[in-house]
Amino acid sequence: MKMLKNNLRELARYPSAIAGLVIIIALVILSIYTVIAIPYQEALRLWRGGEDIWYKNPKTAAPLWVNWFTVTKKSETIFLSTIEEPELKTVTVDSSGYNRFEIVMPFEYEADEFPKDMAFFFNSTFTEKQPHLSITLLTPDGRELRVADFSIKATQTYRPMQDDRLTRRLGGLTADKGFFNDPNATKENPVPLKGAYQLKIEGFTFEKDNNIDAEVVLYGNLAGWAGTDHRRRDLGVALLWGTPVALAFGLLAALGTTVTTMAISGVATWFGGIVDDIIQRITEVNMMLPFLPILIMISTFYSRSIAVILGATILLSIFGSGIKTYRAVFMQIKESPYIEAARSYGASDVRIIFNYLIPRIIPLIIPQLVVLIPSFVFLEASLSLLGLGDPVLPTWGKIINDAQTNGALYQGQYYWVLEPAILLIFTGLAFALVGFALDRIFNPRLREL
Amino acid sequence: MPLSDFYLISPESQSTMSEEPKVPASTAQTPPKKKKSGQSAFERIGRYTVVRLVTLLITVTVGVYLTILIANMGGYVDEIRRGEIREAVSLRIMNDPVLKNLPADARAKQMEGLIALEEKKAGLNQPFMVRSISFLKGAMTLNLGRAKSMSSDSGSRQVNLIILERLPSTLVLFGSTGLILFFAELFLALFLSRRYGSFLDKLVVALAPTSAAPGWFYGIFLILIFSALLKWLPFGGMVDAPPPDDRLQYFLSMLRHMILPVMAITVSQVFLSVFSWRTFFLIYSSEDYVEMAKAKGLTSRDIERRYVLRPTLPTIITSFALTLIGLWSGAPIFETVFNWPGLGRVLFQAVGLYDTAVIVASTVIFAYLLAITVFLLDFIYAMVDPRVKIGEGAKS
């Protein structure tokens with residue numbers, strides 16, 4: 001134990017190891033934060049919920065921070081809602097006792113390009129007579145554009161860009177350009193007019209105590225800190241939740257494999273003879289089994305649940321090259337005088353294997369274990385990339401898979417691939433750096449090289 | 001501390017193929033025993049090879065049998081067969097004018113009877129242990145049944161045709177990558193062991209952890225840089241579409257498509273391998289007999305070839321075999337990322353279409369490929385390993 005502590009102290013001498021450790025600690029903190037901030041059920045709701053949850057996001061929008069690096073500013077997504085901000089809505093009761101709504105939504109438009117799409121969502125309560133709306137837009141230069149007048153159902157969606165009458169009224173420009181075009185710009189080369197806009201929605205109801213709520217989304221090319229995917233989902237959820245999943249998978253698989261391998265190898269070496277032979281043969285067969293194809297087969301035929309895959313991974317990796325390496329070390333330890341002493345005072349086989357043999361090898365195992373973690377993290381990503389990831393959990397590999405199947409690289413949606421990829425490589429590198437440094441510490445022969 | 005301890009570090013450096021301990025440094029020192037008369041090195045290599053061949057065949061059989069067991073645990077192999085039989089029988093009834101005009105329930109009864117008969121004929125009512133042996137025989141002889149929905153380019157539903165058609169592209173890609181990797185790594189490792197402590201050496205040591213990420217991962221980055229951003233190289237595939245008629249053009253187009261995949265594998269492998277091989281060379285260069293050779297005034301070329309490379313080569317080949325096994329195993333994902341029309345992609349497509357017969361068959365083929373790779377490298381191993389050649393300690 002003391003030796004372990006000393007060795008860990010030595011780790012501080014390697015700057016690369018410190019960098020690795022810092023990343024690992026950061027990832028662990030991120031995982032803990034994620035699990036607390038977005039509980040499992042909430043994450044599933046956000047990731048699997050359906051259009052009701054995602055309608056506020058544009059499709060395949062890049063993250064907001066893209067604007068920090070560009071001169072021409074891309075359009076950010078603007079979301080205005082009377083449900084979330086009731087103060088936008090003023091209700092007056094007119095002479096006949098019916099509610100009259102005046103909704104004023106101010107917003108700043110600062111982008112150098114037009115919004116990608118826009119949508120108005122209305123909710124209203126009424127029994128028979130539909131409420132009536134009239135929508136106008138006030139531009140920064142004081143023009144007042146009539147958008148539309150119509151009656152609404154209990155839930156109503158209005159998409160100005162698909163409204164032909166509006167397009168005609170705006171002089172042949174679709175709503176995105178029609179609303180935001182600078183009047184001085186040519187029609188062929190429209191430029192958005194920046195400044196403070198105001199969207200005014202007047203609502204008339206024809207029954208007592210009717211209510212109207214409005215939500216307006218100006219879909220831009222940017223949304224959220226992580227961007228969105230083809231189904232309007234916020235990638236942030238998956239990126240965050242991918243962290244604990246990846247760490248847990250990598251750690252459990254590495255731990256399960258190494259510990260079992262160590263125990264089996266110890267038993268094989270101690271008993272020798274036929275036990276050893278059988279285990280050696282199993283190892284040889286197992287090492288030649290096509291690992292990934294078998295894993296693919298298992299996840300296609302049985303279950304894609306991450307627990308099953310974890311189990312199968314561990315089972316297939318137990319009889320790996322580790323058995324042979326540990327065997328070589330155990331062989332040496334087996335001949336040590338203290339083992340002979342233990343044998344002479346009648347220690348049982350189990351006692352010798354688990355109390356005397358295995359503890360000696362633990363320092364050698366630790367670097368191996370740490371180096372193994374990234375390979376399992378990437379294994380999970382590989383399976384997800386093949387579409388065999390856990391059907392429920394959002395993981396990094398699945399984001400890459402979605403991106404690949406939707407041709408993100410062809411269409412220049414680099415953020416979609418890069419974000420999970422960078423997290424993956426950070427995780428992989430961090431563990432590899434620490435593992436390499438540990439290896440040098442525990443295997444002094446390497447130190448001078 | 002034994003050398004093998006050092007190899008805890010790199011996952012690909014243990015001996016898969018032979019269970020002899022690593023070449024101890026002393027082997028090279030001990031003078032070769034006099035050859036037994038009547039048994040040439042050639043014979044010994046031959047015998048070694050035959051023994052390995054038999055061992056590997058047994059290994060493949062066990063592997064394939066395991067695959068069948070896994071695949072049939074949910075009755076999937078049976079399902080393939082049952083489905084085939086049901087389809088054939090119902091087709092026969094539909095085409096039979098007498099049976100077709102029977103009332104529905106009588107026809108159904110007739111059909112069930114026929115299916116039962118056919119299943120009995122196919123041996124499906126036998127216990128699984130017996131059936132699995134017949135599956136095993138089929139799989140070992142590549143008699144792999146018919147695909148549910150996939151077909152080969154020539155339109156056949158025969159699974160072995162689908163698979164064999166894709167085999168060459170996989171072989172071309174991974175074969176050439178393997179060769180390039182081996183020689184590049186060997187050369188670089190030797191070069192660095194000579195320039196120990198130089199900037200390049202330190203760079204490789206620093207970059208070694210990057211091998212934590214697999215080839216497909218770097219592939220995505222390379223595609224992003226060279227295809228998406230710079231537009232120099234194709235996104236994927238094996239040749240241009242439509243494929244050029246001219247042989248030379250075809251070859252050149254394929255070469256162009258191979259640049260990125262080869263690069264991706266190289267980037268993911270080269271640093272760790274070069275790092276561990278170079279360390280290995282360095283350890284061997286500090287052996288006493290190398291010092292002795294230096295004292296004798298041998299040229300560094302000779303020392304490298306005869307005293308460093310010679311004893312390390314078997315281990316390096318073993319380590320390389322493991323790398324290749326890793327590459328083969330990773331083919332499904334790698335070929336998917338690069339859209340390479342090989343075996344791995346067949347497996348991926350079969351997963352998408354849920355074509356059980358093809359999935360099982362691909363796994364079987366991969367088992368074969370791994371065994372053949374190991375066998376070929378074993379053969380080379382036998383040629384370079386002095387123990388096999390001289391007959392000392394060559395117990396296999």
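What percentage of the 396 residues in chain B is buried? I looked this up before anything else and recorded that buried residues make up 39% of chain B. I note at the outset that the model is predicted.

**Entry: chain B overall**

I counted the secondary structure of chain B and obtained 17 helices and zero strands. I then took the contacts in chain B between residues at least 6 apart in sequence; of these, 73% join residues at least 24 apart.

**Entry: contact between the chains**

I listed the residues on both sides of the contact: chain B gives 56 and chain A gives 54. On the chain B side, I found several helices that each supply at least two residues, including α1 (3-6), α3 (41-72), α11 (247-285) and α13 (300-329). I also asked which helix gives the largest share of the side of chain B that touches chain A. That helix is α16(B), with eight residues; α16 of chain B spans residues 356-384. Sorting this side by class, I recorded 38 nonpolar residues, 16 polar residues and two charged residues.

**Entry: nonpolar cores**

I looked up the largest nonpolar core and found that it has 166 residues. Trp328(B), Val358(B), Ala361(B) and Leu370(B) have the most contacts inside this core. Its largest share, however, comes from chain A, where helix α13 (residues 349-385) contributes 17 residues. I followed Ala361(B) further: with its neighbours within four places in sequence left aside, Ala361(B) is in contact with Leu144(B), Val159(B) and Ile163(B). Apart from the largest core I noted another, of 29 residues, with Tyr109(A), Ala175(A), Phe180(A) and Tyr197(A) among them.

**Entry: a helix pair in chain A**

I examined how helix α7 (residues 235-271) of chain A packs with helix α10 (residues 306-318) of chain A. The angle is about 35° and the axes are 9 Å apart; I recorded the crossing of α7(A) and α10(A) as right-handed. From α7(A), the residues making the contact include Phe249(A), Leu252(A), Gly256(A) and Ile264(A). From α10(A), they include Ile306(A), Leu310(A), Thr313(A) and Ile318(A). By class, I found eight nonpolar and six polar residues in the contact of α7(A) with α10(A), and no charged residues.

**Entry: helix α12 of chain A**

Last, I asked how many of the eight residues of helix α12 (residues 337-344) of chain A are buried. The count is zero, and I noted this helix as hardly covered. Just after α12(A), I found that Gly346(A) takes a positive phi of about 85°.

Notes. Residues are numbered from 1 along each chain as its sequence is written. Chains are lettered from A and ligands numbered from 1 in the order in which they are written. This is a predicted model: local features need pLDDT of at least 70, side-chain atom pairs count only at pLDDT 80 or more; totals for chains, interfaces and linings use all residues. Two residues are in contact if their C-beta atoms, placed from the backbone, lie within 7 Å. Helices (H or I, at least four residues) and strands (E, at least two) are DSSP runs, numbered from the N terminus. Ala, Val, Leu, Ile, Met, Phe, Trp, Tyr, Cys and Pro count as nonpolar, Asp, Glu, Lys and Arg as charged, and the others, Gly among them, as polar. Axes are lines fitted to C-alpha atoms, for helices over the stretch in contact, and angles run from 0 to 180 degrees between N-to-C directions. A crossing is left-handed if the near helix is turned anticlockwise from the far one by less than a right angle, and right-handed if clockwise. A residue is buried if 20 or more other C-beta atoms lie within 10 Å of its own, exposed if 12 or fewer, and partly exposed in between; C-beta atoms are placed from the backbone. A nonpolar core is a set of buried Ala, Val, Leu, Ile, Met, Phe, Trp, Tyr and Cys residues joined through C-beta atoms within 7 Å.
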